[in-house]
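Grab a pencil and work through these short exercises. Each one sets a task and then solves it step by step.

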Amino acid sequence: YDIGALMAYSGLDLQAAVDRVIDETLDAGDGGIIALDPAGRIAMRYNTPSMLRGAADSSGRFDVKIWD
């Protein structure tokens with residue numbers, strides 16, 4: 001909800017909204033977010049030591065990660 005509201009009411013793009021929620025809403029070590037916007041753009045961010053995550057799209061993106 002917070003990410004969508006930031007995009008709708010503050011004009012932030014998906015990554016900026018995800019970053020703000022991770023930085024300002026979640027406590028350190030709480031978790032992470034994988035989010036999609038209406039255009040299919042993907043944003044991933046976490047504040048834990050690691051997060052299993054994956055993303056794929058029609059343009060050929062195929063990411064599977066454990067660590068950055």
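**Exercise 1.** Where is Gly 31 found?

*Solution.* Start with the ground rules: this is a predicted model, where local features need pLDDT of at least 70, side-chain atom pairs count only at pLDDT 80 or more, and totals for chains, interfaces and linings use all residues. Residues are numbered from 1 along each chain as its sequence is written, and side-chain values use heavy atoms, with hydrogens and water left out. Now look between H2 and S1: Gly 31 sits in that loop. (Helices are DSSP runs of H or I, at least four residues, and strands are E runs of at least two, numbered from the N terminus.)

**Exercise 2.** Work out whether Gly 31 is buried or exposed.

*Solution.* Buried means under 20% relative accessible area, exposed over 50%, and partly exposed in between (1.4 Å probe, protein chains only). Gly 31 has a relative accessible area of 14%, so it's buried. Next, list its contacts (heavy atoms within 4.5 Å): skipping neighbours within four places in sequence, they are Ile 22, Leu 26, Tyr 46, Asn 47 and Thr 48.

**Exercise 3.** Find which element gives the largest share of the largest nonpolar core.

*Solution.* A nonpolar core is a set of buried Ala, Val, Leu, Ile, Met, Phe, Trp, Tyr and Cys residues joined through side-chain atoms within 4.5 Å. The largest one here has 11 residues, including Ile 22 and Ile 33. Helix H1 (2-10), helix H2 (14-24) and strand S1 (32-36) each supply at least two of them. H2 gives the largest share, with five residues.
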